[in-house]
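Here's a quick briefing to read with the model open beside you. Take a moment to look around before going through the points.

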Amino acid sequence: MTSVAEKLQSKAKKPVGTKQVRLKLVYIDFWSTVKLSFLVAVALGIITVVATFLVYVILARLGIFTTLDKLLQEVLGDSGFTLQDTLSIGQVMLFAIVVAILNIVIGTVLGAIAALLYNLSVRITGGLLVGFTNN
């Protein structure tokens, strides 16, 4: 008698034929594209805000702002000028949030436009031929 493990092992030794399938992509759902592009844009917006915060904190910790303050005070001749008063963390983060929101809106609209343009171009080109294999 053979055990279950031996039967499974003997089945695993048999060569498995791969089947190739060629399909045409002839339609992209508009709302699926809008939802996906919105989620990707939100993720990129969050990355933008976090990266801006991290870069600002790293520059502040390294003393880049104080070095630039000294240079700008010499160039401008104003000893009371500080770069961190002009570009405070609040102002920089507000700008990053505004940029992130604009990117979310523009990214979502561009995703919708891309889906519409693809669906219109399918009428001319016939669609995108995609190949799949079964492993």
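Start with who touches whom: among contacts in the protein chain between residues at least 6 apart in sequence, 80% join residues at least 24 apart. Keep in mind that this is a predicted model. The chain has five helices and two strands, and from the N terminus on they come in the order α-β-α-α-α-α-β.

**Inside and outside**
- Of the 135 residues in the protein chain, 18% are buried.
- The chain exposes about 10,600 Å², and 71% of that comes from carbon and sulfur atoms.
- The largest nonpolar core is made of five residues: Tyr56, Phe65, Phe81, Leu83 and Val92.
- Tyr56 has plenty to touch besides its sequence neighbours up to four places away: Phe65, Gln84, Leu87, Ser88, Ile89 and Val92.

**Helix H2**
- H2 covers residues 30-62, which makes 33 residues, and its first and last C-alpha atoms are 47 Å apart, close to the 48 Å expected at 1.5 Å a residue.
- Its buried residues are Thr33, Val34, Ser37, Ala41, Gly45, Val49 and Tyr56.
- An α-helix has 3.6 residues a turn, so residues three or four places apart point the same way.
- The cover over the buried residues of H2 includes helix H3 (64-76), helix H4 (83-86) and H5.
- Leu59 also sits in H2, but Leu59 is partly exposed, because its relative accessible area is 30%, which falls between the 20% and 50% cut-offs.
- Leaving out neighbours within four places in sequence, Leu59 is in contact with Ile64 and Phe65.
- Right after H2 comes Gly63, with a positive phi near 85°.

**Helix H3**
- H3 has 13 residues, which should span 18 Å at 1.5 Å a residue, and its end C-alpha atoms are indeed 18 Å apart.
- Just after H3, you'll find Gly77 with a positive phi of about 75°.

**Helix H5**
- H5 takes in residues 89-125, 37 residues in total, and reaches 51 Å between its first and last C-alpha atoms, close to the 54 Å expected at 1.5 Å a residue.
- Buried residues in H5 include Val92, Met93, Ala96, Ala100, Ile104 and Thr108.
- Further along H5, Gly111, Ala112, Ala115, Tyr118, Asn119 and Val122 are buried too.
- What do the buried residues of H5 pack against? Their partners are strand S1 (19-25), helix H2 and strand S2 (128-134).
- Gly126, just after H5, has a positive phi of about 90°.

**The two strands**
- S1 and S2 run antiparallel and are joined by seven bridges.
- One of the pairings puts Leu25 opposite its bridge partner in S2, Leu128.
- Is S1 mostly buried or in the open? S1 lies largely in the open, because zero of its seven residues are buried.

**What the record says**
- An unreviewed UniProt entry places the feature "transmembrane region" at residues 36-59 and 92-118.
- In the model, residues 36-59 are 100% helix and 0% strand, with end C-alpha atoms 34 Å apart.
- Residues 92-118 are likewise 100% helix and 0% strand, and here the end C-alpha atoms are 38 Å apart.

Notes: Residues numbered from 1 in each chain as written. Predicted model: local features only at pLDDT ≥ 70, side-chain atom pairs only at ≥ 80, totals over all residues. Heavy atoms only, no water. Helix = DSSP H or I, 4+ residues; strand = E, 2+ residues; numbered from the N terminus. Buried < 20%, exposed > 50% of the residue type's maximum accessible area, 1.4 Å probe, protein only. Contact = heavy atoms within 4.5 Å. Areas by Shrake-Rupley, 256 points an atom, 1.4 Å probe, with all protein chains shown as cover. Expected span 1.5 Å × (residues − 1). UniProt positions renumbered as here; feature names shortened; annotations may be inferred. Pairing = 2+ DSSP bridges. Core = buried A, V, L, I, M, F, W, Y, C linked by side-chain atoms within 4.5 Å.
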